[in-house]
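Colleague: Please show me the model, and then let us go through its aromatic rings.

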Amino acid sequence: MIFASRLLSVGTWAAVVLQATAVPHGPSYYKNMRRQEDSCGAVSKYTENPSVDKWNQANTDAWLEQWWTVNADKRTSNPHGFAGAFGQYALGQPGWSCQNNGNDGNCDIPVCDNPKLNSLGNNTEQAYYVLQALNNLHGFFLGLDQSFDIPSVVTALTTDNIVGNFWFDENNWDPMILKQLLNVLSALVAIVAGAFAAPALALAVAGAVPGIAGAGSAVVTGGVNAAGNYLSAIDSTALTEANLGSFLGDAVTSISGSFVSINNELMYGHGYGNSGDVRNYLKGGAWVNFPGLQKNGAKDIMIAMMQSMMVNSLWRMQRVFILGGGACGDGQGIGSGISAPDDNWICDENNKAWYLYFWQRESVPAALRRKKQGWLSRPWGSDRMGQSPRLESEGGSGPFWKNLKPQDAIKSSLKSFQAAGNNYTSSSFTDRMGELFTESTKIKSDGVNMEGLWTIPVCDISKTIGADWRYGKKHDILHPYGWDELPSWCGPICDNDPDKTIEFYKAANFKDDFSMPFKKDCGYTVKESDGGYSSSLWWDWTTNKTWYRNMPYNEGN
């Protein structure tokens with residue numbers, strides 16, 4: 001099971017992608033550009049390239065705090081709250097509100113020839129910076145829907161049927177399981193949509209705005225809450241595998257509406273979620289020179305990222321895992337992994353092979369199962385992925401996800417594993433943020449195989465190759481796919497370490513009545529392919545005890 005805390009942090013990757021090629025978007029970006037022939041008065045000294053440094057040099061945070069306190073009555077009595085009162089103060093415009101209400105002009109900044117702004121004397125500079133920051137924050141929320149392209153996302157989620165193609169259900173589509181999946185996937189959509197700008201801005205101001213930088217921000221929690229409110233009203237019995245995508249599309253629409261509410265509440269001067277009021281968002285000049293959201297290609301990027309996270313979450317709820325660490329093209333005495341024409345493997349830069357597996361069993365009552373211990377196969381839906389999907393090459397029908405590749409799942413999961421083992425959580429993600437954002441070029445080139453986007457459990461079996469492996473069936477660890485392919489893992493195969501192997505088994509969902517399907521032939525003396533005989537020692541990961549055949553094994557005996 002993938003944990004909600006992990007889900008709530010993954011979406012911050014979107015900020016890196018969108019910020020990398022940002023283009024201006026805001027209701028009055030071009031209207032605010034000062035024409036050279038205009039006589040703008042005193043404010044003209046500040047309109048050229050406003051910046052975080054200039055904001056801080058003018059001590060704008062402290063200035064705004066004082067204004068906020070002194071003008072408390074005006075803020076609370078104005079029909080448009082804080083933004084309305086500030087617009088009246090700085091521009092002399094009673095209708096200035098920065099509300100998302102269909103009026104694109106209610107947050108414009110008529111800088112030049114504005115007697116009110118130019119009459120503020122020593123307050124003109126700070127007033128202008130606050131106006132520009134509010135305008136940019138407002139433009140961010142207006143641009144969110146357009147950049148994210150909500151209608152296209154809804155259509156993709158409604159028609160793609162990701163769940164039906166990437167989820168192998170052993171419970172015949174239990175409606176309660178479907179409701180759980182819907183909750184998980186809707187949270188993912190909210191997180192991706194809500195994480196466009198905050199992390200990059202937090203980095204730009206050296207972490208001065210933690211309230212907007214992570215999973216607990218208003219932008220993220222607002223979307224998650226909106227989805228939750230919509231989903232809570234759904235009757236589980238109404239859910240089917242076929243209509244799950246449609247419900248998810250409706251949840252996205254609810255999420256989109258939450259961003260309008262967040263903008264409006266902040267502009268009124270109200271607090272939102274755990275992020276505080278608009279002062280927290282403006283702190284440190286975070287929005288004073290915000291360039292805008294990237295729109296070109298954002299839809300394709302975001303849909304690919306969401307699809308990746310959805311497939312990851314679906315596979316994380318099944319027995320999907322990655323096994324590898326041995327030399328490419330050489331079994332090295334531990335078996336033989338998958339090979340062409342299957343493409344669910346990679347050879348990394350260290351010449352180590354890594355394989356993507358699914359331990360499958362029949363979705364029929366236990367008494368009717370022909371293969372009690374299951375078998376190794378491709379993860380459900382992986383044959384629909386890649387530029388030349390395996391299923392398509394075999395004459396099968398779509399849909400296909402050619403923008404995603406099984407290798408992406410392996411590469412991204414390996415990066416996550418290298419960073420935090422099989423415990424890649426929201427804390428792991430947060431700890432890595434500063435370093436990762438400074439490598440934005442690399443992250444952009446990584447695309448959907450970025451660290452943290454996929455978190456399929458990984459088992460490094462390279463240390464089982466050594467001579468100190470003392471358990472049975474060493475030659476039977478790696479297997480290709482197939483109905484008759486059933487490996488034997490008689491010892492702690494991951495790093496030859498019991499604790500790491502237990503961690504892997506738990507992460508890979510070996511549990512309940514299917515906790516040890518790989519122990520079927522352990523405990524017997526069997527002739528190996530090299531002519532030798534396997535050890536009769538085997539290890540029970542559920543108790544962390546070693547056995548000799550069917551008796552407890554004591555090291556001293």
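The turns below deal with aromatic pairs and charges over rings.

Modeller: This is a predicted model, where local features need pLDDT of at least 70, side-chain atom pairs count only at pLDDT 80 or more, and totals for chains, interfaces and linings use all residues. Residues are numbered from 1 along each chain as its sequence is written, and side-chain values use heavy atoms, with hydrogens and water left out.

Colleague: How many aromatic pairs does the structure hold?

Modeller: Rings of Phe, Tyr and Trp (its six-membered ring) pair if their centres lie within 6.5 Å; planes under 30 degrees apart are stacked, over 60 edge-to-face, and the rest tilted. By that rule the structure holds 36.

Colleague: Why is the pair of Phe166 and Trp401 edge-to-face?

Modeller: The ring centres of Phe166 and Trp401 are 4.9 Å apart. Phe166 and Trp401 are both buried (under 20% relative accessible area, 1.4 Å probe, protein chains only; exposed is over 50%, partly exposed in between). The pair is edge-to-face because the planes of Phe166 and Trp401 stand at 75°.

Colleague: Which residue forms an aromatic pair with Trp489?

Modeller: Trp489 is buried, and so is its partner. The pair is edge-to-face, with 6.2 Å centre to centre and 80° between the planes. The partner of Trp489 is Phe510.

Colleague: The charged end of which residue sits over the ring of Trp68?

Modeller: A charge sits over a ring if NZ of Lys or CZ of Arg is within 6 Å of the ring centre and within 35 degrees of the ring normal. Here the charged end lies 4.1 Å from the ring centre of Trp68, and the residue is Arg279.
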